[in-house]
Amino acid sequence: MRIPLCALCVLCGFSNVLADPLDTFGFDARGKAMGNAMTAGTSGIGSAFYNPAGAALAPAPEIGLGYSYAAMLLSINDRDARVSSSRGLSLGAALPSRCGSACTFAVGLAFYLPDQFIARIQTIPVSEPRFVLLDNDVDRIVINPTLALRLGPIAVGAGVTLFSDAAGNGIDFTVGGRGGMQVGEAKLDVALPSRAAPLLGLLWTPRTDLRVGASFRGQLDLRLRLDIIAHVDIPGGGDTVISIRALNFYTPRKLSLGVAWDPTDRITLAADASYYNWADFSGGVPDLRVLVDLQIAPALLQGTFPADRLHDTMTLRAGGEWRRALAPDRMAALRAGLAYEPSPVPDQVLLTSLADNDRFVVSLGAGLQLARIAGFLDKPLALDAALEWHALIGRTAQKLDPALPSFSSAGSIVHLALTATASF
Amino acid sequence: MRRAPLLLFMLPACGFLGESDFAGARQAAGSAPWTNLGAATLCQGSTFFGPPDSDPVGICIPQSARPGRLCLSDAACRSRERCVCGTCTVQICDGPAQCGSGNGRDCNFRTNVCGLPCSAQQGCPGQDVCDRGFCTSACLQDRDCQTGETCSPTHRCISAFCHTTSECIGGIQDCQIQRNPGDLREPALLDDPLLLFVELRPTVSTGQIVRAQSGDGGRSFSIDPAAPVLAPTAAERRLGAPAVARRGTTLLLFFEEPDGIGRALSSDNGRTFQRDPAPVVRADQAWEAGLVGSPGAAVLGDQTVLLFYEGGGGAGIGLATSQDGASFIKPSARPVVDAIAISDPTLWRQIDRVGQPAARRALDPVGREGVSLWFAAHGVESAATLESGMLVPPVANNSIGYAASLDRGRTFAPFPFNPVFDRIENFRQHDQESTPTVAPVGDRFLMLYGGADPQGHATGLGIAVNPAP
Amino acid sequence: MVRPLRFALVFFAFTSVARASTPDVFGLGSEATALAGAVTARTTDFAATFYNPAGLALGGPQGEVSFGWTGYASRLAVRGQRVPISDPTGFELGVRMPVPLAGALAGRVALGLALHLLPDQVVHVVAHAPGEAFFPYYDNRTQRLVVLPALGVRLTDRLAFGVGFNFLAGLSGKVDSSPGATRTIEPRIDEKIEATARVHAGLRYALTERLMLALSYRQSFSVPFRTDSTNRVAGQEIDLNIDAEGLFTPHQVWLGAALAPDPRWSLSLDAGWLHWSGWRGPYVSVSSVLPLAGALAVEPPALGYNDIVSVRAGVEWRAADRAAYAVRLRAGAGFEPSPMPDQPGVTNLIDGAKIIGAAGVGLVLKRLLPEPVRIDAHLMTHLVTDRTYNKVVYATTDPGCPAQNQVCGLHDEVRDNPADPTTLGTQISNVGYPSITGGGSVWAAGLTVTLAL
């Protein structure tokens, strides 16, 4: 008699969640140096990330290439949490094309590629303390293609931020007897189905020295769905199913409002407020199910642990830039920024141990714009550098049950970025 | 200036750099889960102890063979050798747990030595070849083989398991004993440096306490000094169940003696002890039913000594405290942990014995002082299995639980998913674990426990770690 | 004698084919596809990233961006049963951008990027059970996003060089699960989507003003999938380690020539060598430890695939060239033999020789926008000749084809037991037994719009 699929185990770890790496560190060096307060201030290669409408304001086609590195100096219980450093290549483009005297159509692209991999799907047992926002998820590919249209003082932009799931029809493995021999056969069907979330942007330029911007990004995540089925087709055998479901890289809806003002020809000031809809995050606890349908069906524990509800957050950013012409064909800029990023993670008083902290971000940067490089380049080239320092405000998670281990989290992040932008 | 953009092109790895699996630190709390690493090796000279009801066993060695090279770990040895009591040699076994965990080795039941499994797809290291599922190497003579091996007529290095020299080739080989039976009970670990105190029972009703130290982070221990650090007097038959704690520069050793729990002091890191003339704790409470034993000790920050003990032959765990480490009082007439307190209707039920405590002082991240307590209890922790359509009920067994206190050991909160350590074999058989002792080693916690099979036959000391390697 | 088997280790599953195109199978860009891909010596737009990156440097001073759409239909069949197309559309995005360098490098360097996008997925890796019958040429090679960044440099007035990368991702990682702190099975999952890239490189040489020669190399490409799953469930090991490689494209070397006998006509001819013998096959390797079965490793059948030579030819006629518009008509043809060997054993990789036909039209609208707009359309077919595999049955003990060998022939799968009449005779579950035939055609159509920047 074939027994029913009777033994089931559910659970469990906790997937990492986080906005994409650009949410944490920004995109190009100019934006990072200005505290990423760029919703209204962007007009070039960073547009596809900060505000898709900005690509239509680029005076000429621009392509920017950058590299960034973040030292994750984070600790749990005063011990190094060994969070991998976030580093990678960024490529931005704003390709405007005129469609009339006051009309510009543009294509934008923001692309970030980590050094180590395109993305990593990682789950951690539910009770192990781990930096849920800063571990792993600042290392994933970001692809934002956008389109923009400027008509007079109004520019609008739209695009998508692309990602993928890891899924498929699974892996099917059969072990059986044939002609007196034990043989096995396997087949596999795994795909990375694409996922997309909308990007929308609006820029209004009421005066030449003032811009007001708004941008919206939909929610996105990566879902891992992998089923491994093993058929043991020999006497006493049966089926074993390993089914994995996990969710990584949750990127919440984001609504940003910003203003940029040029009080003089040399100075730009910018401020942003971004609202992150973390509360809609659900399914943070992945599950792994093992179904054993053999002559012996083990008694396995079954449990479900609801994830802590994250709460929405409001991030405030401000930045400034001071420019000075060094020569007729070269200009220098100094930049600074400040941001406060509250944590969406609630106090960890029950079983889950999600480490995350409120952060102050201080940034500094400098830029050099060359109209041309004689004998090498006929078009403008900008070189920018930025340094971000993220100071995590120490936090202690004290469990209600003394038998569950409490933990503390603290640390800082030092992020360095370089960008070269060429106009065509 | 011109080269700056080119340098930017050279920096990125564009997703090709790769990163090790499971990067990131795992946090050790000492509570759960515990991962079993198999049998603990306790060496006495060049041999180690096996289960108490086992026979002395060894390996046939050519009389002309050179001794194996000295070692501290397996890494110093050749492909098929292990570091056995400080010497590289192939290791005998009669179960996979004896070959260690995470080193890719398994017990080759054809030869009863630990080997590296292989197949057509899974090759062998170096010049080794796969022979009937395990790695070996080709040879022309014995000296081509590794320590503990001989060259077979088919020119393969083989090992011959033996009990006595008569089982080896007469006049050419000797049986070199690797493992002797040993009845080891109630281990007690002390960290910084890592020391083990354990009761060794030469005969059924006698017991003495030996000290051992580890050079490999707790994977194996060697008895040092060779003589027991505490032995019964002529009028006694047994001293046992040691518990050890450091108070200032003094080691406090608590142990079972005929009239209760005794105490001995050491000022030379446990090499010698000065024993008190009388027990420090006696069975004087009703619930203790005249029996106290299996002590577990912790020293708080203010040097108060907490002495936990099993009372009433498994009725619960009691507490005695001492401000000066010498005179103990019992703050409560009731046990601090008993079967009712740790029972759970689903996870751990039908508990009828609780005892064998091990305690450590703990500090949480905000600096609160607490006490961690590991203990053994006898009960049922799983549901019935379905075998050929029939429900087969589980059998009660010994497992290890955990509880924590934030009030200097007066009350304890049990871990919500007890037991924290319970070994299962083949879907349904629960091996038994008792007499835990825990110490921090590096960034992990190490647990030594007394193991037994589902029928209760002792299998020797085992090792578990938290978190998993 | 064939009888139904109590256990069917091999089952018949016609997988759908050609879910979306890639440049390898049908081409990239409407202009190149309408010429049957015979463009190694003539392409200068974004399609050069695939066919010959050297062409990027020869496309003039103006940058351009292209948007394309392609659709497919299958009339392939196995034993008369139609094999449909699941995802019959794809999109293309291409950019060619001259780099505004000055001095000696002025006008010599251009960047290009081509993307072939699937509507609903980035990549789809399929590895089949050995007995399944399917069209490997179309089934597994076509279902992926294509990302081709490239750089072209004009070294001299006659010679140009280009290099590009065929970039994508593979999936690999580990799953470890065991009872955790909560005593339930707690998984630790670390699956990485890692980058994988292969080189495209090419040379273009203008022998005369009217004759261009070209050499192009495309490195073999495949998408790896590896997962090691180690599970400890109630004291029992359940481990499965999987290793597969999908979407294979072999090493290729292409020689091309393009001739413009007069300003209205251009002819092109390509010949390519494709190193299919380096393919490990469309199957998956598994090593496992399972309850009752114990440790078992499965190695897929190792077929000897054949290297092949593919030939393509194309012609373009500039039918009209007015002030407001221009019209170009194109046609192409090609032939490619099958790399699949005869298969008397368990495998059923259906593939025949391919006769390729293509046609297309190009329209240049010179005044619609401030810069000219180019619109190209194409239609292509692959006629796949019928291929039949006749299975050969050997005794299990035949030294010429032992039972362990899955390639040389088939064997009786159930030992004869005189007490059980159902076991007597030859019992084979392979779907291709005693023979299997497949063939048909695949159709593709598409449109590309190119804007100047």
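**Exercise 1.** Determine whether B:Ser159 is buried or exposed in this predicted model, and describe its surroundings.

*Solution.*
Step 1. The relative accessible area of B:Ser159 is 11%. Buried means under 20%, so B:Ser159 counts as buried.
Step 2. In chain B, the residue sits in the loop between β12 (157–158) and β13 (161–162).
Step 3. With neighbours within four places in sequence left aside, B:Ser159 is in contact with B:Ile59, B:Val90, B:Thr111, B:Val113, B:Gly148 and B:Glu149.
Step 4. For B:Gly148, the backbone oxygen lies 3.4 Å from a polar atom of the B:Ser159 side chain.

**Exercise 2.** Characterise the interface of chain C and chain A by its buried area, salt bridges and polar contacts.

*Solution.*
Step 1. Chain C contributes 74 residues to the contact and chain A contributes 79 residues.
Step 2. Between them the two chains bury about 6,500 Å², with 72% of this area on carbon and sulfur atoms.
Step 3. The rule finds zero salt bridges across the interface, and two residue pairs in polar contact, both at pLDDT 80 or more.
Step 4. On the side of chain C that touches chain A, β10(C) supplies the largest share, eleven residues.
Step 5. By class, this side of chain C has 50 nonpolar, twelve polar and twelve charged residues.

**Exercise 3.** Identify the sense in which β7 of chain A and β10(C) pair, and find the bridge partner of A:Arg120.

*Solution.*
Step 1. Strand β7 (residues 119–125) of chain A pairs with β10(C) in the antiparallel sense, over five bridges.
Step 2. The bridge partner of A:Arg120 in β10(C) is C:Lys192.

Key. Residues numbered from 1 in each chain as written. Chains lettered and ligands numbered in written order. Predicted model: local features only at pLDDT ≥ 70, side-chain atom pairs only at ≥ 80, totals over all residues. Heavy atoms only, no water. Contact = heavy atoms within 4.5 Å. Buried area = accessible area lost by both parts, 1.4 Å probe. Salt bridge = Lys/Arg side-chain N within 4 Å of Asp/Glu carboxyl O. Polar contact = N/O pair within 3.5 Å; in protein donor to acceptor, adjacent residues only side chain to side chain. Helix = DSSP H or I, 4+ residues; strand = E, 2+ residues; numbered from the N terminus. Nonpolar A, V, L, I, M, F, W, Y, C, P; charged D, E, K, R; others polar. Pairing = 2+ DSSP bridges. Buried < 20%, exposed > 50% of the residue type's maximum accessible area, 1.4 Å probe, protein only.
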